[in-house]
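Q: Please take a close look at one helix-to-helix packing in this model, and then set it against the protein as a whole.

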Amino acid sequence: MEIRKAERKRSKLRLGIAAPSGAGKTYSALLLAFGLGGKIGLIDTEHGSGDLYAHLGDYAIINIEAPYTAKKYTDAIHAFEAAGYSTVIIDSLSHAWAGEGGLLDKQGKVADKTGNSYTAWRQVTPDHNSLVDAMLQSSCHIIATMRSKQEYVQEKNDQGKSIVRKVGMAPVQRDSLEYEFGVMFDIDMNHIASASKDRTSLFDGRYFKIGKDIGIELLDWLETGVEPPKTTPAELN
């Protein structure tokens, strides 16, 4: 058991972006990726919406159609890695959870057959874990977009009038998945982003629109540190 001095190493981005439909998840993810530089690959589950932004710059697409199995996502990530891409955008990760053939769908079908909803997760959780591992262990920067549901509460203001207040945005994904990312951005319908999680400490208290400058800022932080030790294929297995 070795005791050593802590030191920050160069790392790859693990970024989640949660936003309601129409808030600009794909657009923001692409702009940020252009700020990171290098070859960009986009995994498109949104029926070709990824092609709508080709005017922004060069990037490649892998389309995923239903059923949205976790294996299709991991295979697409590995395909971009093997082709030498530096950034992979997953647009959107929500389909792997709540889409046709996704993890919730699989869990429901297993539960229907066995009559036991709880034990059905034993056949689903390994798929989820494999997808998470593919993102966390990737040699690429990973940007994953997720649809979010806006949550509201009704309360009284100082004048006693009822008002509706937004209390948060819940990503359409398995609970706590957002904590797997180093940085988690929430984007509102005015296209303004804030960080609900930020291991970089770059975005504390900030409200901003995501552009190339945010990618450049993140890249500078990611590349500040010592070079991590090389890992051989044998060590990964």
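A: In this predicted model, helix 4 and helix 5 cross with a right-handed sense. Helix 4 covers residues 103-114 and helix 5 covers residues 117-136, and the two pack at an angle of about 145 degrees, their axes lying 8 Å apart. On the side of helix 4, the contact is made by Leu103, Leu104, Lys106, Gln107, Val110 and Ala111, while helix 5 contributes Ser117, Ala120, Trp121, Gln123, Val124, Asp127 and His128. Sorted by character, the residues of this contact comprise seven nonpolar, four polar and two charged ones.

Turning to the setting of this pair, the protein has seven helices and eight strands, and its C-alpha atoms occupy a box of roughly 60 × 50 × 50 Å when taken along the principal axes. The radius of gyration of the protein is 19 Å, which agrees with the value near 18 Å that a compact globule would have with 237 residues. Among the contacts in the protein whose separation is 6 or more, 60% are accounted for by residues 24 or more positions apart. Of the 237 residues in the protein, 42% are buried, with burial taken as under 20% relative accessible area. The surface that the protein exposes amounts to about 13100 Å², and carbon and sulfur atoms supply 50% of that area.

Conventions
Residues numbered from 1 in each chain as written. Predicted model: local features only at pLDDT ≥ 70, side-chain atom pairs only at ≥ 80, totals over all residues. Heavy atoms only, no water. Axes fitted to C-alpha atoms, helices over the stretch in contact; angles between N-to-C directions. Helix = DSSP H or I, 4+ residues; strand = E, 2+ residues; numbered from the N terminus. Left-handed = near helix turned anticlockwise from the far one by under 90°. Contact = heavy atoms within 4.5 Å. Nonpolar A, V, L, I, M, F, W, Y, C, P; charged D, E, K, R; others polar. Rg over C-alpha atoms; globule rule 2.2 N^0.38 Å. Buried < 20%, exposed > 50% of the residue type's maximum accessible area, 1.4 Å probe, protein only. Areas by Shrake-Rupley, 256 points an atom, 1.4 Å probe, with all protein chains shown as cover.
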